[in-house]
Amino acid sequence: MAIYLLVVLLLQACNKAVETKVPYYNTPDLTPAWQQGAGKHTIADFSFTDQDGKTVTNDVYDGKIYVANFFFTTCPGICPKMNANMQLVADAFKDNDRVMFLSHSVTPDIDTVQQLKEYADAHHIDSKQWHLVTGNKSTIYDIARTSYFVEDAVGLSYDSTDFLHTERFVLVDKDKHIRGVYNGTVTLEMERLTDDIKLLLKE
């Protein structure tokens, strides 16, 4: 009987450990993985320009947990909802310098530094925590598809002439691994994102 109870307790402990961990996403099909050690997908190095005209590289996010997405300031459809939902998460961690946000423009020819600055001011975006970035269109589209896995159609070949429009928010840990993918238009998903960030902060 004592052995049986011990086995039950061990199983419960194992299940609880799995439930309180955040998986890794290493492939474009976004299959969750739980492995430890080497071999995990890492976000590629980048260099863009933010709403303050400052260069934003991967070094800015070293040791930080961050949420990345792709948008454009003139978007009349899903982007306003995405921005509002991202703001909910940003507000939840506004006093935590270990959590940041990164929004890439998919129309960088339109979204100049000045355009991004006006957008940031209109939406009360804090540039110390949340960078809106512009840059080379091909570079932005490439990192979206090959690093952040935001394209829905896995296995198809795209270039910067194929417009990128995605509702995905991507959660990246302090070691630049993808740890979560969320529908940025769904407010309920922001609760899951917030919970996952809290778990990563404990790692």
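Which residue stands opposite T49 in β4? That's T55, and the rest of the sheet is laid out below. Keep in mind that this is a predicted model: local features need pLDDT of at least 70 and side-chain atom pairs count only at pLDDT 80 or more, while totals for chains, interfaces and linings use all residues. Residues are numbered from 1 along each chain as its sequence is written, and side-chain values use heavy atoms, with hydrogens and water left out.

**Confidence**
- The protein chain averages a pLDDT (the predictor's confidence in each residue, from 0 to 100) of 85, and 83% of the residues score at least 70.
- Residues 4-18 stay under 50, with 1 contact (heavy atoms within 4.5 Å) beyond four places in sequence.
- Residues 154-162 are also below 50, but this stretch has 12 contacts in the model beyond near neighbours in sequence.
- Where pLDDT is low, don't read the predicted coordinates in detail.

**The sheet**
- Seven strands (DSSP E runs of at least two residues, numbered from the N terminus) form an open sheet in the order β4-β3-β7-β6-β5-β8-β9, with mixed pairing (at least two DSSP bridges between two strands).
- At the edges sit β4 (55-57) and β9 (178-183), each pairing on one side only.
- On average, neighbouring strands are turned by 35° against each other, direction ignored.
- β3 (residues 47-50) pairs with β4 in the antiparallel sense over 3 bridges.

**Helices on the sheet**
- Helix α3 (residues 113-122; helices are DSSP H or I runs of at least four residues) packs on the sheet and touches β3, β5 (65-71) and β7 (130-134).
- The direction of α3 makes about 150° with that of β7 (axes are lines fitted to C-alpha atoms, for helices over the stretch in contact, and angles run from 0 to 180 degrees between N-to-C directions).
- Helix α5 (residues 187-201) lies across β5, β6 (99-105), β8 (168-172) and β9, running at about 165° to β9.
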